[in-house]
Structure formats: structure tokens, C-alpha cells
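User: I'm new to reading protein models and I'd like the reasoning behind the labels people use. Can we go through one together?

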Amino acid sequence: MTGDVSGTETVATRLTPQDIERELGDNGGSNADAVGMPLGPWKIDGFKWFSSATDSEMSVLLARTAKGGLSAFYMPMRRLVGNRDTRNDAIYGDVTPSTELNGVRIQRLKNKLGTKSLPTAELELKGARAWLIGTEGQGVKEISAILNITRLHTAVSSAANWARGLAISRAYSKVRKVRGGLLQDNPAHLRWMADETVKYWASTHFAFLGVALQGALEQGWEAAVRNTGASQLIPQDKAQTADLLRLLLPVMKAQVSVASVHGLRNCMECLGGVGYCENNEDGGLMNVAKVYRDQLVNPIWEGTISVMAEDCVRVILDKRLGDSDVLANVFAPWVRHVLEVVGAELQMEAEFIEERLQRLLDVARGATKEELLYNGRDVLKSIETITSGLVLLYDATTSPDPIALKAAQRYIRSKSPNVTTQISRDGLEGAVADDKSIFLGSSNLQPSVSSKL
Ligand SMILES: Cc1cc2nc3c(=O)[nH]c(=O)nc-3n(C[C@H](O)[C@H](O)[C@H](O)COP(=O)(O)OP(=O)(O)OC[C@H]3O[C@@H](n4cnc5c(N)ncnc54)[C@H](O)[C@@H]3O)c2cc1C
């Protein structure tokens, strides 16, 4: 979902008790779902062009009602054949009752580039019974909670796919010999892979910032954040946390997903020709090509990058958020608060973040909606750079891992104009040692620290 849903052709009709009696006659007497719970009083008819996880037990969908507008519905995928209450079957040891699809016909499976283990299908709905969720006509609003969670999942799973690709790259670099030496000792290879690892760190920190904000919202700051290393990073004020997450979610969904696509392409190249092959000999553990194929959908489903950019602009212009200016009143104070915590050795990098923040505020101030939409992808990139840079600087300040400092500095350098060389003050040898520790991890760290590399 989250393409343009306004043209939805699926219709929901409220049934009267008499209608339900008639329906029971028509469909063989079934008024209960697969676990014996009553089916809802709404009848859904229509067509769903894209429906994933068709083998799931339930679905949440949007449909148009007579009142107008879209409403959200909960629809069990299966119903009992006949009208038996099965709730006590497990206790009394009865046999599994027969079930059938709840007014759903699977027309055909989509022939997809990846995610083939997830059945995505075209569904025809005819007399499917469902329950209304929330207020009639407010479906898009009701479903937005799910959209936010799925966007967070998309960002985190994108980071996870990328982590797997880099793990495969590290394993391969330790065994493949080129020019008489292992890849793990080749300076050019290490430089490239260290750069990739830093990009992965930036995206992963960004995605897990989203998880931390969501956790703080659900469980409260006292329970979820106090006494953790994130206490200076996550706002104590719940409204501020909610507004910040609302702004950052479309950005992380778009930017982490697409960064992971590019990252996984590099991981494939890291393995040379082997990376382009479907390596299934070991059960697919090393099949980075499949991870790449599966990752390609993440920037598309749950809304494309342009749709996320549009959503981000909507948040920026929403007068109900952050005292009518979420960038100036929520995002900027949060960034500046975190920058105050950043260690003295990172002052240059902190100044870079402040400068990028100021530039974003200047662009947004006074811009028309049309201008912001036109620059939507730049706005996404700008918020991503500021936020990823900020969390990396925070990590470098609070983490005992010396690589965290190097990764933060390197990320900011990569975003700075006029940087042509990355050779450190210690010369080439020092730079290669840094690359190696960023890509392969540092052996002289506590296991708790090195395990996160
Ligand atoms: C494998 C897979 C599984 C899916 N599973 C489900 C599912 O279970 N349930 C479900 O409801 N949906 C599902 N979808 C649908 C998916 O959410 C949409 O395909 C996706 O959101 C893109 O919408 P669309 O296909 O309508 O593309 P469109 O919105 O038509 O996009 C076409 C182009 O228009 C651009 N565009 C669209 N809007 C704007 C805008 N406002 N400004 C600028 N450019 C714009 C897009 O960026 C894109 O380049 C699935 C899709 C796939 C590929």
C-alpha cells in the first residue's frame, strides 16, 4: 500500500441482520472465521492488484463505503465451512475443522524479480466479511499507524540485508587471493570496503534511531531510555519525540532502502563473478545476488522515494506539528541539543552539521509548497546527512570503540565538498590500517564492542 489509494475500487457494504441471514444461506452457513470468532458485519467486494503475504491469516485493507471516503477493515483470510464454534476444540481434542477462503479468490501470483518466498497476488474479493476499524471514512488516518511501523520495518530490514552482504564480503575477502595476496590485505580493496562499511553504519544508526524513538513513544522515556546510552539522544518530551519520528520516518524509509540497494551492489562486486551467481550450494547462506534482488523492492513498496519526499514535505508544512514549524521548532533544537554533547575532538564535524542544518532551514523558510516538492529528494538527502552524521557523532562520543570515531569523521568528510583525499595524518600505512579496522573490525576490543562490527 501507500501508492495513490484514492482510486480504490474496493467497496464495503454494511449488512443488516437479515442480510447476514441471507449470506449464511448463500455461503453454506458460515458465520465464523477459522478460529471460531464471528465474522464482521461488513461485506467487501472488489479487487486488490497487489496483496503480499497472501498466506497470512488476516488482512487490513481500505475500502470505500456508501458514506464516502475510505475506511479501514480487518478481514480474516479464512472462514469455517459450516457454522461451528471451534473455540473449545483444542481443549476437547476435536479434529481440525474445515476452512475455506473468506470470499477471496486468488487470481494469480505476481511474477516478481525478488522476494519470491513471499507470495504477492492479485485478489478478487466477493462477499468477504470484515470488521470496521475505527471511524468510518477515516481509513487513511486509521491505517497510518501501520504505515509508520511498516516504514520502520522497511528501513531496518534494508540495513539488515546490507549487514548480510557485508558479512559475505568480509568472509570472501579473507579467502580470495589476488596478485599473490589475500583481498583482506589489499589497500585498494580495503579502502573501498571501508567506505562502504561507513555508509552502512550511517544508515544503520539512522534506522535504529527510528527504533529508539518508536520504543520511547510506546514505553515512555523513563522506562525505555533513562539509564541507557541514548539518554541524551532521545527527547524526553513525548510530543517532540512523536513529531521528530513523523518527520524522520519517510526520510529513513527512502534513504536507507536505496542506500542498501547501492551497498549490496557493491557487495556483489566485492565477490567478483561469484557475486553475480546464485550461490545456493550452502543453502543460500552466501547468495548475495539473492539478497540484492530481494532488497530492490524496499525503495518501491510502502511508497516510492518520490512519495516519501512528498510525505516529508507534507510534514514540514503541517501547521499542527511542532508549533506550526517542525523543522525550526523540533528538528533544529534537537540537532543542536545533541551537538552540545559531542566531544571536543569532533568540533569540526559538529560545525559541518550545524552548517548543513542552517542551509536546510534557509531553503525551507519561505519556500512555497511547489518549490519544496520540486526539491523533495534534496530535502530527503539533506535531512539524512544531518541525522546520520549526528547519530554517528553521538556514537563516537559515547562509545568506547575507537572505530566509531573514525567512522563518524569519515562519514562527515565524505559529505564535505572539496575533499579529494582520505589519507590520514599517519600516511598511507595508517590509512590502510584504519580501513582494515573499519571493514574487518578491531581485534583488541571487548567482545561486546567488537560484536557490533
Ligand atoms: C512486491 C510488491 C508487493 C506489494 N504488496 C502490497 C500489499 O501487500 N498491499 C498493498 O496495498 N500494496 C502492495 N504493493 C503495492 C505497493 O505499495 C505500490 O506498488 C507502491 O506503493 C508504488 O505505488 P504504485 O505501484 O501505485 O506506483 P505509482 O505510485 O503509480 O508510481 C509510478 C511512478 O510515479 C511516481 N509517483 C507517484 N506518486 C508521486 C508523487 N506524488 N510525486 C512524484 N512522483 C510520484 C513514483 O515515484 C513512480 O516513479 C506491493 C508492491 C510490490 C512491488
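User: What separates Arg 359 and Glu 355 in helix 11?

Analyst: About one helical turn, because they are four residues apart in that helix, which covers residues 347-364. Helices here are DSSP runs of H or I with at least four residues, strands are runs of E with at least two, and both are numbered from the N terminus. Before we go on: this is a predicted model, in which local features need pLDDT of at least 70 and side-chain atom pairs count only at pLDDT 80 or more, while totals for chains, interfaces and linings use all residues. Residues are numbered from 1 along each chain as its sequence is written, and side-chain values use heavy atoms, with hydrogens and water left out.

User: What makes Arg 359 and Glu 355 a salt bridge?

Analyst: Their closest N and O atoms are 3.2 Å apart. The rule asks for a side-chain nitrogen of Lys or Arg within 4 Å of a carboxyl oxygen of Asp or Glu, so the pair qualifies. In general, side chains of opposite charge can pair when their charged atoms come close.

User: Why is Arg 359 called partly exposed?

Analyst: Its relative accessibility is 43%. Buried means under 20% relative accessible area and exposed means over 50%, with partly exposed in between (1.4 Å probe, protein chains only). Glu 355, at 38%, is partly exposed as well.

User: How many salt bridges does the structure hold?

Analyst: There are 24. One of them joins Arg 410 and Asp 195, at 3.0 Å from N to O. Arg 410 is in helix 14 (residues 402-415) and Asp 195 in helix 4 (residues 187-219), so this bridge ties together parts 215 residues apart in sequence. With a relative accessible area of 7%, Arg 410 counts as buried.

User: What links Arg 151, Arg 246, Glu 310, Asp 311 and Arg 314?

Analyst: A network of salt bridges. Within it, Arg 314 and Asp 311 meet at 2.7 Å, N to O, and both sit in helix 9, three residues apart, or about one turn. Asp 311 is buried at 4%, whereas Arg 314 is partly exposed at 46%.

User: What is the nearest side chain of opposite charge to Lys 112, and how far away is it?

Analyst: That's Asp 294, 7.9 Å away, and Lys 112 is buried yet has no salt bridge. Charge is counted simply: Lys and Arg are positive, Asp and Glu negative, and His and the chain ends are not counted. Lys 112 sits in the loop between strand 7 (104-109) and strand 8 (121-133). Leaving aside neighbours within four places in sequence, Lys 112 is in contact (heavy atoms within 4.5 Å) with Leu 118 and Thr 120.

User: How do you know that the structure holds zero disulfides, and why do Cys 267 and Cys 270 not bond?

Analyst: A disulfide needs two cysteine sulfur atoms within 2.5 Å. The sulfur of Cys 267 is 6.7 Å from that of Cys 270, its closest cysteine sulfur, so the two are too far apart for a bond. Both are buried: Cys 267 at 1% and Cys 270 at 5%.

User: What makes Trp 42 and Phe 73 an edge-to-face aromatic pair?

Analyst: A search of the whole structure finds three aromatic pairs. For Trp 42 and Phe 73, the centres are 5.3 Å apart and the planes make 65 degrees. Rings of Phe, Tyr and Trp (its six-membered ring) pair if their centres lie within 6.5 Å; planes under 30 degrees apart are stacked, over 60 edge-to-face and the rest tilted, so the edge-to-face label fits. Trp 42 lies in strand 2 (residues 42-51) and Phe 73 in strand 4 (residues 70-76), so the pair ties together parts 31 residues apart in sequence.

User: Why is the pair of Phe 331 and Trp 334 called tilted?

Analyst: Their ring centres are 6.1 Å apart and their planes are at 40 degrees, so they pair and count as tilted. Both lie in helix 10 (residues 326-341), three residues apart, about one turn of the helix. Phe 331 is buried at 0%, and so is Trp 334, at 2%.
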